[in-house]
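Q: I would like to take a close look at a single part of this structure, and I would be glad of one long, connected answer that a first-year student can follow.

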Protein chains: 2
Amino acid sequence: MINDYQQYLNEVDLLIKDHLNKNDVSSKVKESSLYSISAGGKKIRPLLLFKTLKALNFPLELGVPAAATIEMIHTYSLIHDDLPAMDNDDYRRGKLTNHKVYGEATAILAGDNLLTESIHLLSHANYNDAIKINLIQLITNAAGQFGMISGQMNDILSANKEIDYKTLENIHRYKTGKLIQAPVVAAAMIAGASNDIINNLNDFSGELGLLFQIKDDLLDVQGTQEELGKSVGTDEKNQTTTYVSLFGVEGAMDLLKEKETETKRLLYKLKDDIDIIHLEDIISIVVNRTK
Amino acid sequence: MINDYQQYLNEVDLLIKDHLNKNDVSSKVKESSLYSISAGGKKIRPLLLFKTLKALNFPLELGVPAAATIEMIHTYSLIHDDLPAMDNDDYRRGKLTNHKVYGEATAILAGDNLLTESIHLLSHANYNDAIKINLIQLITNAAGQFGMISGQMNDILSANKEIDYKTLENIHRYKTGKLIQAPVVAAAMIAGASNDIINNLNDFSGELGLLFQIKDDLLDVQGTQEELGKSVGTDEKNQTTTYVSLFGVEGAMDLLKEKETETKRLLYKLKDDIDIIHLEDIISIVVNRTK
């Protein structure tokens, strides 16, 4: 079912590459930015955006620039998270991390670049000004101090500390959740959905983000580096509190089931307004993925 | 003459602090972001924005959000430039650098945060949508791969290499120049100036950026750490090619004079359109500053 969307995921990729290839002021910063973009990745956020547009019966084509922006921000966050001063990871998406290839200074700049250019791309996209501003407000809110960055900070501060379930979930609501919610709400804004629908989609995708993270924690102990394209067992190595360290593998799998039910419940609230089957798909993709 | 503008510079400061203080998702990332903002600095970019508004006879108040955005981006770039992987500086604006106080991980996130929140703040500012989009296009262009970041990258790549005057000037056109041009052009956009005026202001401020950098290089050998609030002699220590290393102190002072004349010539082209005296002021401020 992901194949129906492949065309649009490819367009996202092309748009990002075209944008970054537009100039030659510095071939090095361009090259290192393109390196991480070209590593591919699951593209779960763009897929979410397109599936939400589909559920709203709106042309998928119109999601491309917003999906590109969010994917660029996701990629920048991975480059910075992988830095020696942060998680110090050597592999990402099956390739050496950015700083392993280009050095730390260039990796920091490549991350800064993808963040800046993500908004630059969006500001030139073919949406009307009101939608562009709504999208920029949404995405910078999700990515900044009110979202991902604060989640990442709190995650770092919790290292080697015992934290409880509520604290852990709150970290993930920001660190992972906000940038999972952003493409869903962005699609609703692009499609001109009502505030009610937007609010319900926001709640649904908030739970989906938590579901995504529980699965991520399970994959870190159950997956292989070959499948995941990144090191496994890093949570234990870094003494990170995870759903698995709190509840064990069995407990985390139970929690995954519970959260899946809750995510579906929130989605079903939208059943009279949108074509929810397209978003049910994504729940299975998140729960059953092996990478 | 800077005193007429102090009220507005204070408002910029307040707006940034209010924005960052709005939430408590992570007190640490907020605190470290505020630390670097509160270090003050010369506020030359906000001043340029207000002086251009004055020259265009437009209310200064309306420049506050755009000036705040540009100052936040400038501050983020300093935090990242100071990192051990980059220039590895211990002092900035008379205080310990961000990573010296908060550690590298937090400093990277504080920089990311100020960049993201700068656009978030602007996207909520009290301009109409068309002006907001124009400003976001201008500022992300100046700060990203088409501007500051590529200049910074090329600067790093030129370390320990012999580069000629043309190459050096090209680095500075991007690394320093673009974010000196941005507030001048932003003011013109806010004031609804004609394309002709915007183009002439763009040329003038491009030269002003180079003038600023020549003075910066001179201060690195002639200034004191006490006055500058940052380490001096770092260019020589880092074997950075500068106008001083290329031409000597006397030669760089001659170049400063030459560039001052050229900057004035470009400004005078605007004498029938705007009240250029306010921008003549800024040329003297740049040339005669001791920090």
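At 26% relative accessibility, does B:Glu262 count as buried, partly exposed or exposed, and what surrounds the salt bridges of this kind in the model?

A: This is a predicted model, and within it B:Glu262 counts as partly exposed, because its relative accessibility is 26% and the partly exposed class lies between 20% and 50%. The partner of B:Glu262 is B:Arg265, with which it forms a salt bridge whose closest N and O atoms are 3.0 Å apart. B:Arg265 is likewise partly exposed, with a relative accessible area of 45%. Both residues belong to helix α13 of chain B, which runs over residues 243–268, and they sit 3 residues apart, about one turn of the helix. An α-helix has 3.6 residues a turn, so residues three or four places apart point the same way.

In chain A, salt bridges that share partners join A:Glu169, A:Arg173, A:Glu207 and A:Lys259 into one network. One of the bridges in chain A is that of A:Lys259 with A:Glu207, where the closest N and O atoms are 3.3 Å apart. This pair links distant parts of the chain, since A:Lys259 lies in helix α13 (residues 243–268) of chain A and A:Glu207 in helix α10 (residues 195–222) of chain A, 52 residues apart. A:Lys259 and A:Glu207 are both buried.

Chain B offers another salt bridge, in which the side chains of B:Arg173 and B:Glu169 meet at 3.4 Å, N to O. B:Arg173 and B:Glu169 are 4 residues apart in helix α9 (residues 165–190) of chain B, and therefore about one helical turn separates them. B:Arg173 counts as partly exposed because its relative accessibility is 32%, whereas B:Glu169, at 13%, counts as buried.

Taken over all chains, the structure holds 30 salt bridges, yet across the interface of chain A and chain B the rule finds 0. The contact between the two chains nevertheless takes 48 residues from chain A and 48 residues from chain B, and 14 residue pairs between them are in polar contact. On the side of chain A that touches chain B, helix α6(A) gives the most, with 13 residues, and the residues of that side divide into 22 nonpolar, 18 polar and 8 charged. Chain A and chain B bury about 4,400 Å² between them, with 69% of it on carbon and sulfur atoms.

How values were computed. Residues numbered from 1 in each chain as written. Chains lettered and ligands numbered in written order. Predicted model: local features only at pLDDT ≥ 70, side-chain atom pairs only at ≥ 80, totals over all residues. Heavy atoms only, no water. Contact = heavy atoms within 4.5 Å. Buried area = accessible area lost by both parts, 1.4 Å probe. Salt bridge = Lys/Arg side-chain N within 4 Å of Asp/Glu carboxyl O. Polar contact = N/O pair within 3.5 Å; in protein donor to acceptor, adjacent residues only side chain to side chain. Helix = DSSP H or I, 4+ residues; strand = E, 2+ residues; numbered from the N terminus. Nonpolar A, V, L, I, M, F, W, Y, C, P; charged D, E, K, R; others polar. Buried < 20%, exposed > 50% of the residue type's maximum accessible area, 1.4 Å probe, protein only.
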